[in-house]
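Here are some short exercises to try with the sequence and the model in view. Take each task on your own before reading its solution.

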Amino acid sequence: MLVTGGAGFIGTNFVRHTLAHHPGYRIRVLDKLTYAGHRSVAEDAEFVHGDVCDAELVERLVAGSDIVVHFAAESHVDNSLRDADAFVHSNIIGTYALLQAVRRHDVRLHHISTDEVFGDLPLEGSELFHEGTPYNPSSPYAATKAASDMLVRAWVRSYGVAATLSNCANNYGPYQHVEKFIPRQVTNVIEGRRPRLYGQGVNVREWTHVDDHNRALHLILDRGRIGETYLIGSGDTRTNREVVELVNQLMGRDPGDFEHVRDRAGHDLRYANDSTKLRSELGWAPEYADFRAGLAATIDWYRSNRDWWQEDKVSTEAGYALVDQ
């Protein structure tokens, strides 16, 4: 198995999960090791330092693989708003290079995407994203992921590439970079800072533990129908304010002790996925159905692994200081 982006947040957890629960796979990780990548994957996985846009390298790695799981992507919305170049390069050109290689070598591919490609939903109401929801991306990040999804679908239809796709809601758990919403709030509290909340914090997100995401990916790899897309989501939706208040509560602080900062440009209102297809066809259900328990475990991990995130925290907060006014 070739795992692109296997040194990132979800990729690292996927590699560890696979080695622990699916020992029949021999794993090779391809990762560029950008600022968000950490070479903390399990020792039993072979590591290749390289760019998914390097067509010659990708060709060689795919030729020696039976299956490719494609995580490699730039993924932080704020960064894409400041400079979209890296997002176009990695998310579109990198996916194209990979598709060309799996086409030539007839290798099975699974492409990981995001529910942000659908845009957002009204704050009020019960509407959910589903596999047929039209794409309406709001940020350069979401637009480049939407483009990569469309490339995969076109290569399935035009060239018969054996690929599946998945779009997941917001993930949380260990090994997530401290620029992301939950790790930033947790590490702020650990360091004696107040959590930071965009605007009034009314934006709603569906939170899925990374382990549940990766269990879903293995079900899709094992039993998913070629050419199909599967939406992944726990069903647990909360406002950003509710998440910050719960972080404070679980860490022994006044739930209302946080700072408001300027809202993100084009901030999507609500994300929520209809994961019926994944649940009914493949039998998936989240083990972390209780967000409170999953968040508590995540807080414990960041408390116990300060050496892993401390250096990144310094540079991350320096960058946010320029925009959190």
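**Exercise 1. Find out what share of the contacts links residues far apart in the sequence.**

Step 1: Keep in mind that this is a predicted model. Step 2: Take the contacts in the chain with a separation of 6 or more; residues 24 or more positions apart account for 81% of them.

**Exercise 2. Decide whether the radius of gyration agrees with that of a compact globule.**

Step 1: For 325 residues, the value for a compact globule would be near 20 Å. Step 2: The chain has 19 Å, so the two agree. Step 3: For the outline, the C-alpha atoms fill a box of roughly 55 × 45 × 35 Å along the principal axes. Step 4: Within the chain, 58% of the 325 residues count as buried.

**Exercise 3. Is threonine 316 buried or exposed?**

Step 1: Locate threonine 316 in helix α11, which covers residues 306–320; the chain has 11 helices and 12 strands. Step 2: Buried means under 20% relative accessible area. Step 3: Threonine 316 has 9%, so this residue is buried. Step 4: Leaving out residues up to four places away in sequence, threonine 316 touches His177, Val178 and Glu179.

**Exercise 4. Describe the second largest cavity and its lining.**

Step 1: Count the cavities of 30 Å³ or more: there are 3. Step 2: The second largest has a volume of about 70 Å³. Step 3: Look up its lining residues, among them Val77, Glu116, Ser138, Arg205, His267 and Asp268. Step 4: Sort the full lining by type, which gives 4 nonpolar, 4 polar and 4 charged residues.

Definitions and conventions:
Residues are numbered from 1 along each chain as its sequence is written. This is a predicted model: local features need pLDDT of at least 70, side-chain atom pairs count only at pLDDT 80 or more; totals for chains, interfaces and linings use all residues. Side-chain values use heavy atoms; hydrogens and water are left out. On a 1 Å grid over the protein atoms alone, a cavity is a set of points where a 1.4 Å probe fits but cannot get out, and a pocket is an open set with protein on both sides within 12 Å along at least five of seven lines; lining residues have an atom within 4 Å of a point. Grid points are joined across faces, edges and corners, and a volume is the space filled by probe spheres set on the points. Ala, Val, Leu, Ile, Met, Phe, Trp, Tyr, Cys and Pro count as nonpolar, Asp, Glu, Lys and Arg as charged, and the others, Gly among them, as polar. Helices (H or I, at least four residues) and strands (E, at least two) are DSSP runs, numbered from the N terminus. Buried means under 20% relative accessible area, exposed over 50%, partly exposed in between (1.4 Å probe, protein chains only). Contact means heavy atoms within 4.5 Å. The radius of gyration is taken over C-alpha atoms; the globule rule is 2.2 Å times the number of residues to the power 0.38.
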